[in-house]
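Reader: I should like a close look at a single helix of this model. Please describe how it is placed and what surrounds it.

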Amino acid sequence: MSALDLLTFDNAVFKAYIFWSAVLVVKMMFMSLLTAMQRFRTKTFANPEDCMSKKDKVTYDNPYVERVRRAHLNDMENIIPFFAAGFFYVMTNPSAFLAINLFRAVAIARIVHTLVYAVVVVPQPARAISFFVAFLATVYMAVQVIIYAL
């Protein structure tokens with residue numbers, strides 16, 4: 001199977017990769033809105049022109065806002081590598097069952113990570129488990145790509 005044959009919606013693995021990647025793009029976009037919602041809820045603004053009244057002050061240390069920002073940063077540190085590793089993994093023509101479930105696991109784990117870290121704070125190990133599910137799946141795909149490319 002040629003590389004171009006793998007990058008079509010006729011390939012179930014590529015189709016799943018595109019679907020779950022798009023879900024993660026939407027999820028990351030909503031993190032910006034969640035940050036804004038926390039800023040308005042707590043009246044914590046990062047720029048003077050964003051303050052809604054003279055009483056509001058610019059501050060960078062609100063724990064609720066910072067928790068969402070850290071979750072968003074964690075997304076960028078983990079989802080962007082998934083985009084690359086997952087795309088290259090598709091090119092190795094992996095087992096559809098395994099690949100589709102890896103993509104699904106990464107996306108669901110990243111959504112759960114945000115929920116237990118920034119929306120409804122749940123004690124550890126909830127965040128660690130969700131982090132490591134996505135992290136290990138992404139590392140697995142990257143290692144498979146390296147092995148395939150040797």
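Author: In this predicted model, the buried residues of helix 5 are covered by elements that include helix 3 (63-90) and helix 4 (96-119). The residues concerned are Ser130, Phe131, Ala134, Ala137, Thr138, Met141 and Val145.

The length of the helix may be considered next. Helix 5 comprises 24 residues (residues 126-149), and at 1.5 Å a residue these should span 34 Å. The C-alpha atoms at its ends lie 35 Å apart, which agrees with that expectation.

The packing against helix 4 can be described in detail. The axes of helix 4 and helix 5 are 8 Å apart and form an angle of about 150°. Because angles over 145 degrees count as roughly antiparallel, the two helices are placed in that class with respect to each other. Helix 4 passes helix 5 in a left-handed crossing. On the side of helix 4, the contact is made by Leu98, Leu102, Phe103, Ala105, Val106, Ala109, Arg110, Val112, His113, Val116 and Tyr117. Helix 5 contributes residues including Ala126, Arg127, Val133, Tyr140 and Thr138.

Threonine 138 merits separate attention. This residue lies in helix 5 and has a relative accessible area of 10%, so it is buried. Its side chain reaches the backbone oxygen of alanine 134 at 2.9 Å; alanine 134 is itself among the buried residues of helix 5. Leaving aside residues up to four places away in sequence, threonine 138 touches Pro81, Phe82, Ala85 and Val106. Of these, Val106 is one of the helix 4 residues that make the contact with helix 5.

Definitions and conventions
Residues are numbered from 1 along each chain as its sequence is written. This is a predicted model: local features need pLDDT of at least 70, side-chain atom pairs count only at pLDDT 80 or more; totals for chains, interfaces and linings use all residues. Side-chain values use heavy atoms; hydrogens and water are left out. The expected span of a helix is 1.5 Å times one less than its number of residues. Buried means under 20% relative accessible area, exposed over 50%, partly exposed in between (1.4 Å probe, protein chains only). Contact means heavy atoms within 4.5 Å. A polar contact is a pair of N or O atoms within 3.5 Å; within protein, one must be able to donate a hydrogen and the other to accept it, and residues adjacent in sequence count only if both atoms are side-chain atoms. Axes are lines fitted to C-alpha atoms, for helices over the stretch in contact, and angles run from 0 to 180 degrees between N-to-C directions. Angles under 35 degrees count as roughly parallel, over 145 as roughly antiparallel, 65 to 115 as roughly perpendicular and the rest as oblique. A crossing is left-handed if the near helix is turned anticlockwise from the far one by less than a right angle, and right-handed if clockwise.
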